[in-house]
Amino acid sequence: MLEFISQPWPWYVAGAFIGLTVPTLLLLGNKHFGISSSLRHICAACFPANIPFFKYNWKKELWNLFFVAGILIGGVVATKFLNNSEPMLISEKTVSDLLALNIVVDHNLMPSSIFNFENVFSKQGLLFFVVGGFLVGFGTRYAGGCTSGHAIMGLSNLQWPSLIATISFMAGGFMMVHFIFPWLVKR
Amino acid sequence: MQQTKEEFVEVMAPEHPIECEAANDQIAGESLIGSNIKYILVGILFGVVFVKAEIISWYRIQEMFRLHSFHMYGVIGTAVAVGMISVFLIKRFQLKTMQGEKVIFHDKDFHWGNVIGGLMFGLGWAITGSCPGPLFAQIGSGFLVVSITLLSAIAGTWVYGLVRDKLPH
């Protein structure tokens, strides 16, 4: 058991847990699985600025902020107490593709050479943190949901707009990785 | 019947004038801490799974979009399958919530934001290696610089709210 906990978990275990979040939230209190909404609630609670989109009873949606706070704590717990004992294995093809873009794979969860505070005010930081984050926040709200709200909750409930959104997410990702990203990081 | 001002506001003002995704459909009242603590616990479990299955890894997202690994497809595919079966069972057996309420499902209406916003999110997903959920778990697992990404995502959401009326939907 302890050995299982300290190893990376296989996709079917993770997938089953994530899928079970849908009925868990519904049965715990009629809550619909969706994470990007938390960003909207933060806007509505902290800086509504009289924008109609942020004028709603966000206090009723506080559960969503508790949920994402839990995700952050879960990240701490897993990293401090249940850490994977081995360095992360990454597909060799991806390693060589990234090397060609001057990104050295360090077998942590994230490339430390990019995701560190020294990069915040560099061109790389602008791309990875500011532009990337903005696209995630703007895009998910414009799309009406993210991977959780559309790809998992929406598809679970057989909503075809969610299928279209999910296909668009993937299409955007493929475009970025194969066409835009190589061009961006070489500047 | 005479209504007090509070009741009037409650009846007349819709909870969410503009569709609110991931809505809370519970009718029974909820206390701030007592009712919400269970969602922290679900979140913690969720965050642990995110880290333990390396879903929050920037590299795993790169692998996914390069078709070099099955891992993320397996995770999302299993999650959708389990979610679909669960929703089917809830509807089929008309399962009630813990409070004894009927589970409510919403149909989504298509709008062009699904496509345009979806593409934008996809572009951002591939750069940051993160959807909104993993952002929180990445910060928790020690990559504190991702809080800048999170702030920028909040800013993105805010700007969307600001320019919403001018965008095609």
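These legends accompany several close-up views of a predicted model with chains A and B.

**Figure 1. Chain A on its own is a helical chain with 8 helices and 0 strands.** Reading from the N terminus, the order of elements is α-α-α-α-α-α-α-α. Taken along the principal axes, the C-alpha atoms of chain A fill a box of roughly 50 × 45 × 35 Å.

**Figure 2. Chain B meets chain A across an interface that buries about 11700 Å² between them.** If you like to think in areas, this is a familiar way to put it: the size of an interface is often given as the accessible area lost when the parts come together. Carbon and sulfur atoms account for 74% of the buried area between chain B and chain A. On the chain B side, B:Lys52, B:Tyr59 and B:Ile127 lose the most area to chain A, and together they make up 7% of what that side buries. Counted by residues, 126 of chain B are in contact with 138 of chain A.

**Figure 3. Polar contacts join chain B and chain A in 41 residue pairs, with both partners at pLDDT 80 or more.** Which elements of chain B give two or more residues to the side that touches chain A? They are helix H2 (37-52), helix H3 (58-65), helix H4 (71-92), helix H5 (113-128), helix H6 (132-140) and helix H7 (146-163) of chain B. That side of chain B is made of 71 nonpolar, 36 polar and 19 charged residues.

**Figure 4. A salt bridge links the side chains of A:Lys31 and B:Glu30, at 2.8 Å from N to O.** This pair crosses between chains. A:Lys31 sits in the loop between helix H2 (11-29) and helix H3 (37-46) of chain A, while B:Glu30 lies in the loop between helix H1 (5-12) and H2 of chain B.

**Figure 5. In another close-up, the side chains of A:Asp97 and B:Arg66 form a salt bridge, at 3.3 Å from N to O.** How many salt bridges does the rule find across the interface of chain B and chain A? There are 2 across this interface, and the structure holds 4 over all chains.

**Figure 6. Within chain B, H3(B) packs against H4(B) at an angle of about 90 degrees.** Their axes are 8 Å apart. Angles of 65 to 115 degrees count as roughly perpendicular, and H3(B) and H4(B) are therefore roughly perpendicular to each other. From H3(B), B:Arg60, B:Ile61 and B:Met64 meet B:His71, B:Met72 and B:Tyr73 of H4(B). The residues of this contact divide into 4 nonpolar, 1 polar and 1 charged.

Terms used: Residues are numbered from 1 along each chain as its sequence is written. Chains are lettered from A and ligands numbered from 1 in the order in which they are written. This is a predicted model: local features need pLDDT of at least 70, side-chain atom pairs count only at pLDDT 80 or more; totals for chains, interfaces and linings use all residues. Side-chain values use heavy atoms; hydrogens and water are left out. Contact means heavy atoms within 4.5 Å. Buried area is the accessible area (1.4 Å probe) that two parts lose on being put together, summed over both. A polar contact is a pair of N or O atoms within 3.5 Å; within protein, one must be able to donate a hydrogen and the other to accept it, and residues adjacent in sequence count only if both atoms are side-chain atoms. Helices (H or I, at least four residues) and strands (E, at least two) are DSSP runs, numbered from the N terminus. Ala, Val, Leu, Ile, Met, Phe, Trp, Tyr, Cys and Pro count as nonpolar, Asp, Glu, Lys and Arg as charged, and the others, Gly among them, as polar. Axes are lines fitted to C-alpha atoms, for helices over the stretch in contact, and angles run from 0 to 180 degrees between N-to-C directions. Angles under 35 degrees count as roughly parallel, over 145 as roughly antiparallel, 65 to 115 as roughly perpendicular and the rest as oblique.
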